[in-house]
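These are my notebook entries on one protein chain. I wished to record what I looked up, one topic at a time.

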Amino acid sequence: MFLLVVVSLPALAQQGTALVLSGGGSRGMAHIGVIKALEENNIPIDYIAGTSIGAAVGAMYAAGFSPQEIEDIFTSEDFRRWIAGDLNRSYSWYYTSDLPDAGWIDLNLQFKNRFSKVLPSGVKTPVELDFQITRLLSDASAVAGYDFDNLMIPFRCVAADIDSSKALVLRHGDLARSVRASITFPFLFTPIKIDDRLLFDGGMYNNFPTDVVATDFSPALIIGSKVSGNYPKPSAEDVLSQVQNMLMSDTDFALDSAAGILLEPNLPKVNLTDFSLSKVFVQAGYDMAMQNMPQIKARIAGQRSAHHVDSLRRQFNARKQPYLIDSVIISGLKPSETEYVYRTLTHRKDKSTLDEISNQYFKLAADDKLKLNGNHLKLNPTTNLYDLYLDLHPANPFTLTLGGNISTRTANLAFAELNYRKLFREALRLKLNVYFGRFYTSALAGARFDFPGKIPFYAGGLIVYNHFDYFKSTIHFIEDVTPSFLIQNENFLDVYAGIPLTVNGRLEADFALGRVQNEYYQDNAFTRSDTADRTRFDFLQSSLCWELNSLNRKQYASAGARFKISTGMVWGDETFESGSLSSTRPSTGKFHRWAFVDLLWDDYFEKLGPVKFGFYGQIHLSNQELFSNYTSSLLAAPAFEPVPESKTMFLLNYRAFNYGAAGLKTVWSPTRNIDLRSEAYLFQPYRSIRKDADNLAYFGDPFDDRYWIFSSAIVYHTLLGPVSLSVNYFDNPEEKFFIGLNIGYIIFNKSILR
């Protein structure tokens, strides 16, 4: 008998079937198809291990998700957004956003650290990815007692420990954080710390952990799903290939036929984060497993029915507790900064569900004064409720934003903005920006305080100088002292305060004090010795604005909506000084007072086939009176500027004191980053502003004129901003068609009366 036991020991030591899933980015969707085929054919999966995307898929299966549930999650549009680092617009609190600008890139300035600290540690900020991984896997961690052997299927996860330059096998702890560490490809995602170790993608040192399951589980059979390979030798011309080879060690992807079966589906090469072919890859993995199914079944000692596996899954999932959060525990902040976070979360209830706290969580994530480094949920054995741990740090106090626009027409701009942020129990932001260009020059200084709480609010002020030169048409940045046809200078102080009404909406009141000074000739017949007419308007304005905004981009949006209603009063003194060519009175003064209401609706609807349709509507109503002459009246009139290029031209037919406008837009996106746009607008003034023989202004008959705008553009959205080639038609007295190539944003500082 003793001899029989001794002879049987090797067989007893090797038990069960282990599944090993390699890294490989989006190609890892093939792993889901492999799992689906194995489960459908009653092949037991007794152990599972993975690296990178393989760790993510394997953890989901080990945590009690069915193959179909895993496929639904990984092939969803939501998952693509998580990977892209795009925060769901329903989570983005619009009231926290700053005014749009022409910025391309933000640089962190840390004067006490090396220059390398200026650069971001990751291209993408996976705020929602972190949150969703926590939501999907934290309850399974709690059921397993934070021991991966106690999951529905014993699991191993591989990450890379940068300090030791070795692979780290994660066998216990927080499952969500372990997976997040394993998928952290260098320079793509920000790294995280576990047990004070900075961890990156496990594929750096072990991209196919067959050795891990062999050591930890001694299985009788290993089924390996391989969707990756070692990188080719670096090219002298290809910097990316050089970086990949420096970071990633070669992995032995061989699997001894005596130890297991290697499944290697034939997959096209795609970008690591391109999940557009996910369903194709799932099917490819399924087909490869089915082709090898006779061989797999021949190597399996016993089968396990899908019904039995589903029963085990239901039993495991039944032990999961709903996410009821008792405490939020914050690390990385000073006491006053921590108080700011607690007031932002408004966590005052004894128990909160994860859904209840999610909106406030994403408000923190969108707060540019904080840096959210990670989160995790842990079941408290004393309360039997979850504690939410947040790792937060103040954002770098100084950031420098650079941008602008490069154009074949007049809208060449250089933009720079310096920001300073400081957290107390409230938050302070100071900023200073400048625009330089031949057409537009501007400077802005601003301050804003944010007061968190159950009903948060904000208050601030701006000092702005705007200079528009509509006559110059060259593409250079050099200022010319030659008299120009039309120059508009605007200086104002604006004080504002507001509150959020919804996630995407805010109510804001402001009060502005300023001066607009215009210099112009009534026609183009002038010389250097002539002097221009001048109109100065010193004004006060108070207004109230309610705005909803969920547009996905600050220029060339293709999704979301914007709805805005504003109303207010303007009081001001107009002073006119005639130039050497003026036929109007030498000088005049006049007091103006008017009320206005402005409504704007910009909406993109769901796709009809491959094309998305949009609607744009605007109504402006006021009792504003004419100014001293025709040109000054046009300059004082609100302008209809629905497309970017229209903001760079003085289009006299699209200015009126009262008007309605409507437009239709179509957007076809053959790829994620390319839009083909077509837009058509009708501008209907109530009474056009017209000119008599003495250059004085008068109103035309009601609804006597109407004007069209047509625009088509090819837009390529880069990481820095849009590159657009557009053809525009404006009902202009002189030139009507405009073709322009722009690299960047045609966005200006705030203007009060323009």
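The entries below go from the interior to the strands, the turns and the surface.

**Entry 1. Ground rules**

I noted that this is a predicted model, in which local features need pLDDT of at least 70 and side-chain atom pairs count only at pLDDT 80 or more, while totals for chains, interfaces and linings use all residues. Residues are numbered from 1 along each chain as its sequence is written, and side-chain values use heavy atoms, with hydrogens and water left out.

**Entry 2. The nonpolar cores**

I first looked up the nonpolar cores, each being a set of buried Ala, Val, Leu, Ile, Met, Phe, Trp, Tyr and Cys residues joined through side-chain atoms within 4.5 Å. I took buried as under 20% relative accessible area, exposed as over 50%, and partly exposed as in between (1.4 Å probe, protein chains only). The largest core has 73 residues, and Phe74, Leu137 and Phe155 have the most contacts inside it. Helix α3 (residues 53-62) gives the largest share of this core, eight residues. A second, separate core has 28 residues, among them Tyr91, Phe362, Leu372 and Leu423. I recalled that in soluble globular proteins nonpolar side chains tend to be buried together.

For helices and strands I used DSSP runs (helices: H or I, at least four residues; strands: E, at least two), numbered from the N terminus.

Which residues does leucine 137 touch, not counting those up to four places away in sequence? I found Ala59, Met60, Ala63, Phe65, Leu175, Ala176, Val179 and Tyr323. Contact here means heavy atoms within 4.5 Å.

**Entry 3. Helix α2**

Is helix α2 (residues 30-40) largely enclosed or left open? Ten of its eleven residues are buried, so the rest of the structure largely encloses α2. The buried residues include His31, Lys36 and Glu39, as well as Ile32, Val34, Ile35 and Leu38. Just after α2, asparagine 42 takes a positive phi of about 65°.

**Entry 4. A four-stranded sheet**

I next looked up strand pairing, for which DSSP must find at least two bridges between two strands. Strands of a sheet pair through backbone hydrogen bonds, either parallel or antiparallel. One open sheet has four strands in the order β13-β12-β15-β14, with mixed pairing. β13 (352-353) and β14 stand at the edges with a single partner strand each, so one side of each has no neighbour in the sheet.

Strand β12 (residues 324-331) runs parallel to strand β15 (residues 385-394), and six bridges join them. Serine 327 stands opposite aspartate 387 in β15. Strand β14 (residues 370-380) runs antiparallel to β15, with ten bridges between the two. Here asparagine 380 faces leucine 385 in β15.

**Entry 5. Turns with a positive phi**

Most residues other than glycine have a negative phi, and most peptide bonds are trans. I therefore noted the positive phi of about 60° at asparagine 384, in the turn of the hairpin that β14 and β15 form with four residues between them. At 40% relative accessibility, asparagine 384 counts as partly exposed.

Serine 165 also has a positive phi, of about 55°, although it is not a glycine. It is found in the loop between β5 (155-161) and β6 (166-170). Its relative accessible area of 45% makes serine 165 partly exposed.

**Entry 6. Histidine 172**

Where is histidine 172 found? I located it in the loop between β6 and α7 (175-182). At 53% relative accessibility, histidine 172 counts as exposed. Leaving aside neighbours within four places in sequence, histidine 172 is in contact with Tyr146, Asp147, Phe148 and Ser178. Its C-alpha atom is separated by 8.9 Å from that of serine 141, and the two residues are 31 apart along the chain.

**Entry 7. Strand β33 and its partners**

Strand β33 (residues 737-744) runs antiparallel to strand β16 (residues 398-407), and three bridges join them. Strand β32 (residues 722-730) also runs antiparallel to β33, with seven bridges. A hairpin of six residues joins β32 to β33. Asparagine 742 in β33 is the bridge partner of serine 407, and serine 724 stands opposite asparagine 742 as well.
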